Amino acid sequence: TMDNYQNYRLQRDVEIAGDIQRRLQAAPAGDLGGISYAGISRPARGVSGDYYDVISVDPNRTVLVICDVSGKGVPAALVMVMVRTIVHLAVAQSDDAGQILEMINVGVSGAISLDRFATASVVVFDARRNSFSYANAAHHPALLISSPDGAVNHIDADGLPIGIQESADY
């Protein structure tokens with residue numbers, strides 16, 4: 001029947017979108033610019049608003065991004081792709097995690113309704129200086145695990161979710 005065909009097409013489109021979204025995610029684990037990372041994201045409905053990325057900007061600078069768009073399914077996935085696009089443009093413009101979040105926020109604010117916002121954390125690691133810049137848009141605190149003693153420190157910063165107020169500071 002026509003309804004079965006439309007359901008099949010819709011499911012197939014979601015599968016294709018999910019495949020594209022998986023290809024946009026960072027590798028599940030790796031070593032870049034003096035850091036080791038591991039991450040995984042499995043959407044509940046084929047696509048989601050969850051996003052993490054590890055971007056090697058140059059041999060000394062690596063950017064880590066974790067983002068969670070409110071909601072589920074295709075609408076959240078579309079916002080996630082928009083956030084990812086802005087992230088990849090913003091990391092070439094700034095070494096400061098707060099400025100990167102501000103660029104993401106300006107790009108997303110007004111483009112989505114208030115029921116679609118995102119929380120995010122950005123870390124810019126500078127291997128040459130052995131330092132990092134951190135900013136948070138209402139996401140969970142980051143965990144810094146120090147070697148060799150394995151001490152775990154919670155790192156947090158104030159910030160509104162992305163998409164709530166265009167002039168937010170991070």
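This report walks through the overall build of the protein chain and then three of its residues.

Keep in mind that this is a predicted model, where local features need pLDDT of at least 70, side-chain atom pairs count only at pLDDT 80 or more, and totals for chains, interfaces and linings use all residues. Residues are numbered from 1 along each chain as its sequence is written, and side-chain values use heavy atoms, with hydrogens and water left out.

**The whole chain**

The protein chain has three helices and eight strands; these are DSSP runs numbered from the N terminus, with helices (H or I) of at least four residues and strands (E) of at least two. Starting at the N terminus, the order is α-β-β-β-β-α-α-β-β-β-β. With a radius of gyration of 17 Å, close to the 15 Å that the globule rule gives for 170 residues, the chain is as compact as a globular protein of that length. (The radius is taken over C-alpha atoms, and the rule is 2.2 Å times the number of residues to the power 0.38.) The C-alpha trace spans about 65 × 35 × 30 Å along its principal axes.

Of the 170 residues, 38% count as buried, meaning under 20% relative accessible area, while exposed means over 50% and partly exposed is in between (1.4 Å probe, protein chains only). Take the contacts (heavy atoms within 4.5 Å) between residues at least 6 apart in sequence: 56% of them join residues at least 24 apart.

**Three residues**

Here is where each one sits and how much of it is accessible.

| Residue | Element | Relative accessible area |
|---|---|---|
| Asp126 | strand E5 (residues 118-126) | 11%, buried |
| Leu89 | helix H2 (residues 73-90) | 59%, exposed |
| Ala135 | strand E6 (residues 131-137) | 2%, buried |

What does the side chain of Asp126 have a polar atom 3.0 Å from? The backbone nitrogen of Arg128. Leaving aside neighbours within four places in sequence, Asp126 is also in contact with Asn60 and Ser131.

Ala135 has a longer list: again skipping neighbours within four places in sequence, its contacts are Ala97, Gly98, Leu101, Ala120, Ser121, Val122 and Tyr170. Look at Ala157 too, which is 22 residues from Ala135 in sequence but 6.0 Å from it in space, C-alpha to C-alpha.

As for Leu89, its C-alpha atom is separated by 9.3 Å from that of Ile104, 15 residues apart along the chain.

Conventions. A polar contact is a pair of N or O atoms within 3.5 Å; within protein, one must be able to donate a hydrogen and the other to accept it, and residues adjacent in sequence count only if both atoms are side-chain atoms.
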